[in-house]
Amino acid sequence: MNLFRSEEHIARWLGDREPGSTIPVTTLADLATRWWGDRLSSDWQPRTRDENQAILTALDLSSPFWRLP
Amino acid sequence: MDAKEVELRNLTYSLVVELGRAPTAAEVAERAASPIDVVVAGWRRLHQQHALVLAAATDELRMANPFSAVPTAYRVRAAARWWYANCAWDAFGICAALHTDGRIETSCPDCGEPLALEVRGGRPDEESLLFHCLVPAVQWWDDIGFT
C-alpha cells in the first residue's frame with residue numbers, strides 16, 4: 001500500500017506482477033478519514049465487516065478487488 | 001470482542017498516544033494493574049480479531065493500526081511527534097485518528113525519490129500522487145505485514 005509519483009512509476013515497480021488497484025491520493029485521504037477517524041475514541045467499538053465494506057463502497061471502491069472477506 | 005477485550009484494546013491505544021510509541025506488555029500490565037500474562041493473552045485474542053498485530057517472535061506489539069511499533073518507510077509528523085505508519089493508508093490514518101493536521105514523509109518505491117506531503121483538514125497538499133494497493137482486500141489479513 002504505497003504512494004507513487006505516477007502510473008509510470010507504478011508500472012515499473014510492478015514489473016511482471018499483476019497490478020492491484022490504483023486510486024488518487026485524495027480518495028485515499030477520504031478513505032483514511034472514514035476508516036481510522038474513530039480509532040482513538042474512548043467509546044470505540046469494532047465495526048462489522050458490512051460497515052467496513054460500506055465505507056469502501058461510499059468511495060466507489062466497489063470492484064471485486066475491494067471486496068472484504 | 002467482549003467488553004474486557006475492548007477495554008484492553010482502548011488502554012493499549014491510549015498508551016500509544018500518551019507515550020508516542022507502542023507500549024510494552026509490561027507497561028500495559030502496570031497501567032491496568034493486571035499480570036503481564038493476562039495482558040499478553042488478551043493481546044493474542046485481539047490479534048486474532050485483527051484489532052492489533054503482535055510480533056510473532058516476542059508477543060509485543062507490531063502494529064496498533066494505523067500506528068506501527070517498528071520503523072517503516074512512512075513517517076508522519078502529527079501532534080508534535082514523529083510516528084511510523086504501516087503504509088500510505090495508515091499514514092493518512094494517523095492524522096485522521098489524532099484528528100490533526102500532519103506531514104507525511106516517504107519515498108517512491110520505484111525510484112526512491114523522496115515524497116513529502118502536508119495534510120490539512122484531512123486533505124493532502126499534493127493531489128497528483130497515486131496510491132497503489134497490490135493485495136486484494138480478501139487477502140489483506142493473510143499476511144498483514146506484506147499487505
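Two strands count as paired here if DSSP finds at least two bridges between them. With that in hand, here is how the predicted model is put together, starting with chain B and its hairpins and then moving on to the places where chains A and B meet.

Chain B carries 4 helices and 9 strands. Going along the sequence, the elements come in the pattern α-α-α-β-β-β-β-β-α-β-β-β-β. As for overall dimensions, the C-alpha trace of chain B spans about 50 × 35 × 25 Å along its principal axes. The radius of gyration of chain B is 16 Å, and a compact globule with 147 residues would have one near 15 Å, so the two agree.

The hairpins of chain B are a handy place to begin. Strand β2 (residues 61-64) of chain B takes part in two pairings. On one side of the story is strand β1 (residues 53-54) of chain B, which runs antiparallel to β2(B) and is joined to it by 2 bridges. Within that pairing, B:Val53 has B:Met63 as its bridge partner. The β1(B)-β2(B) hairpin leaves 6 residues between the strands, and B:Asp59 takes a positive phi near 65° there. Then comes strand β3 (residues 67-68) of chain B, again antiparallel to β2(B) and again joined by 2 bridges. B:Met63 turns up here too, standing opposite B:Ser68 in β3(B). The link from β2(B) to β3(B) is a hairpin through 2 residues.

Further along, strand β7 (residues 114-120) of chain B pairs with strand β6 (residues 102-107) of chain B in the antiparallel sense, over 6 bridges. One facing pair brings opposite charges to mind: B:Arg103 stands opposite B:Glu118 in β7(B). These two strands make a hairpin with 6 residues between them, and B:Gly112 in the turn has a positive phi of about 80°. β7(B) also pairs with strand β8 (residues 123-124) of chain B, antiparallel and over 2 bridges. In this pairing, B:Arg120 is matched with B:Arg123 of β8(B) as its bridge partner. The hairpin of β7(B) and β8(B) has 2 residues between the strands, and B:Gly121 takes a positive phi near 60°.Now for helix packing inside chain B. Helix α2 (residues 25-32) of chain B packs against helix α3 (residues 36-48) of chain B at an angle of about 110°, and their axes lie 8 Å apart. Angles of 65 to 115 degrees count as roughly perpendicular, and α2(B) and α3(B) are therefore roughly perpendicular to each other. The crossing of α2(B) past α3(B) is right-handed. From α2(B) come B:Ala25, B:Ala26, B:Val28 and B:Ala29, which meet B:Ile36, B:Val39, B:Val40 and B:Trp43 of α3(B). By residue class, this contact divides into 8 nonpolar, no polar and no charged.

A helix pair also links the two chains. Helix α2 (residues 25-36) of chain A and helix α4 (residues 88-98) of chain B have axes that come within 8 Å and cross at roughly 55°. That angle makes α2(A) oblique to α4(B), and their crossing is right-handed. On the chain A side, the contact is made by A:Val25, A:Leu28, A:Ala29, A:Leu31, A:Ala32, A:Thr33, A:Trp35 and A:Trp36. On the chain B side, α4(B) puts in B:Ala88, B:Trp89, B:Asp90, B:Phe92, B:Gly93, B:Ala96 and B:Ala97. The residues of this contact split into 12 nonpolar, 2 polar and 1 charged.

The chains share a sheet as well. Strands of a sheet pair through backbone hydrogen bonds, either parallel or antiparallel. Here an open sheet of 3 strands has the order β1(A)-β9(B)-β2(A), with antiparallel pairing. β1 (2-4) and β2 (21-24) of chain A stand at the edges with a single partner strand each, so one side of each is left without a neighbour in the sheet. Neighbouring strands of the sheet are turned by 35° against each other on average, direction ignored. Looking at one of the pairings, 3 bridges join β1(A) to the antiparallel strand β9 (residues 130-133) of chain B. A:Asn2 has B:His132 in β9(B) as its bridge partner. Helix α1 (residues 7-14) of chain A packs on this sheet, touching β1 and β2 of chain A together with β9 of chain B. The direction of α1(A) makes about 25° with that of β9(B).

Methods: Residues are numbered from 1 along each chain as its sequence is written. Chains are lettered from A and ligands numbered from 1 in the order in which they are written. This is a predicted model: local features need pLDDT of at least 70, side-chain atom pairs count only at pLDDT 80 or more; totals for chains, interfaces and linings use all residues. Side-chain values use heavy atoms; hydrogens and water are left out. Axes are lines fitted to C-alpha atoms, for helices over the stretch in contact, and angles run from 0 to 180 degrees between N-to-C directions. Contact means heavy atoms within 4.5 Å. Angles under 35 degrees count as roughly parallel, over 145 as roughly antiparallel, 65 to 115 as roughly perpendicular and the rest as oblique. A crossing is left-handed if the near helix is turned anticlockwise from the far one by less than a right angle, and right-handed if clockwise. Ala, Val, Leu, Ile, Met, Phe, Trp, Tyr, Cys and Pro count as nonpolar, Asp, Glu, Lys and Arg as charged, and the others, Gly among them, as polar. The radius of gyration is taken over C-alpha atoms; the globule rule is 2.2 Å times the number of residues to the power 0.38.
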